[in-house]
Amino acid sequence: MDDLVLQKIAISGPTLASMIQRLSSSPADVDGLLFGHVTYIAPSTLSDDSAQTPSDSQPVATISSFLSFPSLLSFYDSLGRVNSSRLTPTHLNHKPLIGWFSSRRRTPLRPSMRESAVTRSLSSIPNLSLPIQNANFNSVFAPSIFLLFTTPGQDQFIQTNQYRAFQFQSSKLCLNPVSIDIVNIGPAFRGHYGSFSPSSALPFLNCELRSLTAMNEDRKEENLIGMNQSEKDQSELDMCAEGMQVGKLSQLIGPEAVNYTAGLEDLYEKMLSKIESLARLVEVSSAKVIEQENHNRKLRYKVARSA
């Protein structure tokens with residue numbers, strides 16, 4: 001059976017940043033495991049996306065999390081042979097394994113013979129294969145992804161991290177480079193946020209969906225309880241975002257959420273305005289404190305002279 005060739009490897013920006021931070025803060029070279037899933041994704045037909053001619057679904061591997069070990073040779077020996085007893089479901093926290101990574105400083109950005117051997121050994125363990133999502137047939141994917149991190153050979157004033165992804169193909173016994181797609185906000189990546197659960201410091205507000213007809217608006221104005229609740233919600237929102245109306249929050253959910261980007265940018269702008277306003281108040285109060293301290297100093301000086 002031919003190897004499944006990945007079209008690309010996707011990873012979110014926060015996950016990649018967390019990996020780079022972990023590797024950069026480590027005192028020595030480290031390695032670890034990559035978790036995620038493989039899915040057949042149909043090419044996007046949105047006009048804002050890059051033009052894509054293939055019409056068939058393409059396999060894409062998504063890295064969702066990682067596990068870093070404090071040193072090299074964590075789950076394999078010096079010859080690149082993987083110790084399968086270190087990769088049991090208990091050790092992996094029952095997460096789907098799709099590959100591994102290695103970080104080494106001041107070395108070329110290409111896999112070594114041992115790294116190739118580790119990837120080959122890892123992909124040959126049958127019980128580590130995971131099912132492919134959205135596949136038309138029962139197929140599995142062996143953990144054959146290798147992500148390599150390095151730093152430039154010469155010292156630089158700015159810390160630089162280089163990375164490249166590979167996939168091991170058993171038919172050719174080699175590691176082939178695979179493009180990395182950094183998931184970001186935009187039309188091309190909207191599908192990645194289908195299960196997104198936001199966490200915010202904003203207070204709990206009653207922003208349930210309502211019909212925006214003139215009749216419902218009149219009823220809302222005539223309802224004294226509803227007006228009092230709206231005023232209370234507006235007061236709580238003003239504590240976090242200055243100048244943002246509660247009614248605009250309902251536009252961020254439901255059919256009107258198509259233009260959510262502009263609404264969120266407006267909300268963040270109001271929150272920054274609130275922070276800036278608080279900073280100005282602190283600056284003014286600090287100036288008054290200093291002025292009062294100078295006035296008290298002058299009074300003490302006059303008292304000392306009169307005495």
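# Worked exercises on a predicted fold

Leu 67 sits in strand 3, where strands (E, at least two residues) and helices (H or I, at least four) are DSSP runs numbered from the N terminus. Before we dig in: residues are numbered from 1 along each chain as its sequence is written, and side-chain values use heavy atoms, with hydrogens and water left out. The model is predicted, so local features need pLDDT of at least 70 and side-chain atom pairs count only at pLDDT 80 or more, while totals for chains, interfaces and linings use all residues.

**Exercise 1. Work out whether Leu 67 is buried or exposed, and list what Leu 67 is in contact with.**

Step 1: get the cut-offs straight. Buried means under 20% relative accessible area, exposed means over 50%, and partly exposed is in between (1.4 Å probe, protein chains only).

Step 2: apply them. Leu 67 has 30% relative accessibility, so it counts as partly exposed.

Step 3: collect partners, with contact meaning heavy atoms within 4.5 Å. Skipping neighbours within four places in sequence, Leu 67 is in contact with Asp 31, Gly 32, Leu 33, Phe 35 and Phe 101.

Step 4: pick Phe 35 from that list. Leu 67 and Phe 35 are 32 residues apart in sequence, yet their C-alpha atoms are 8.1 Å apart. Phe 35 also has the charged end of Lys 95 over its ring, 5.6 Å from the centre; the rule asks for NZ of Lys or CZ of Arg within 6 Å of the ring centre and within 35 degrees of the ring normal.

**Exercise 2. Classify the ring pair of Phe 66 and Phe 101.**

Step 1: recall the rule. Rings of Phe, Tyr and Trp (its six-membered ring) pair if their centres lie within 6.5 Å; planes under 30 degrees apart are stacked, over 60 edge-to-face, and the rest tilted. The model has nine aromatic pairs on this count.

Step 2: plug in the geometry. The centres of Phe 66 and Phe 101 are 6.1 Å apart and the planes make 80 degrees, so this pair is edge-to-face.

Step 3: place the partners. Phe 66 belongs to strand 3 and Phe 101 to strand 4, 35 residues apart, so the pair links distant parts of the chain.

Step 4: check exposure. Phe 66 is partly exposed at 22% relative accessibility, whereas Phe 101 is buried, at 1%.

**Exercise 3. Find which elements build the largest nonpolar core.**

Step 1: define it. A nonpolar core is a set of buried Ala, Val, Leu, Ile, Met, Phe, Trp, Tyr and Cys residues joined through side-chain atoms within 4.5 Å.

Step 2: look for its hubs. The largest core has 22 residues, and Leu 6, Ile 9, Leu 34, Phe 141, Ile 145 and Leu 147 touch the most other members.

Step 3: list the contributors. Two or more residues come from each of strand 1 (8-12), helix 1 (13-25), strand 2 (30-41), strand 3 (58-69), strand 4 (97-104) and strand 7 (145-150). Strand 2 gives the most, with four residues.

Step 4: look beyond this core. Apart from it lies another core of 20 residues, among them Phe 69, Phe 75, Trp 100 and Leu 122.

**Exercise 4. Describe the surroundings of Arg 104.**

Step 1: locate it. Arg 104 lies in strand 4 and is buried, with a relative accessible area of 13%.

Step 2: find its polar contacts (N or O pairs within 3.5 Å; within protein, one atom must be able to donate a hydrogen and the other to accept it, and residues adjacent in sequence count only if both atoms are side-chain atoms). The side chains of Arg 104 and Thr 107 are joined at 2.8 Å, and the Arg 104 side chain reaches the backbone oxygen of Pro 108 at 3.1 Å.

Step 3: add contacts from further along the sequence. Beyond four places, these include Asp 29, Glu 115, Leu 148 and Phe 149.

**Exercise 5. Say what phi does at Asn 93 and Arg 106, and where these residues lie.**

Step 1: start with the background. Most residues other than glycine have a negative phi.

Step 2: take Asn 93. Its phi is positive, near 55 degrees; Asn 93 is in the loop between strand 3 and strand 4 and counts as exposed at 53%.

Step 3: take Arg 106. Its phi is also positive, about 55 degrees; Arg 106 is in the loop between strand 4 and helix 2 and is exposed at 52%.
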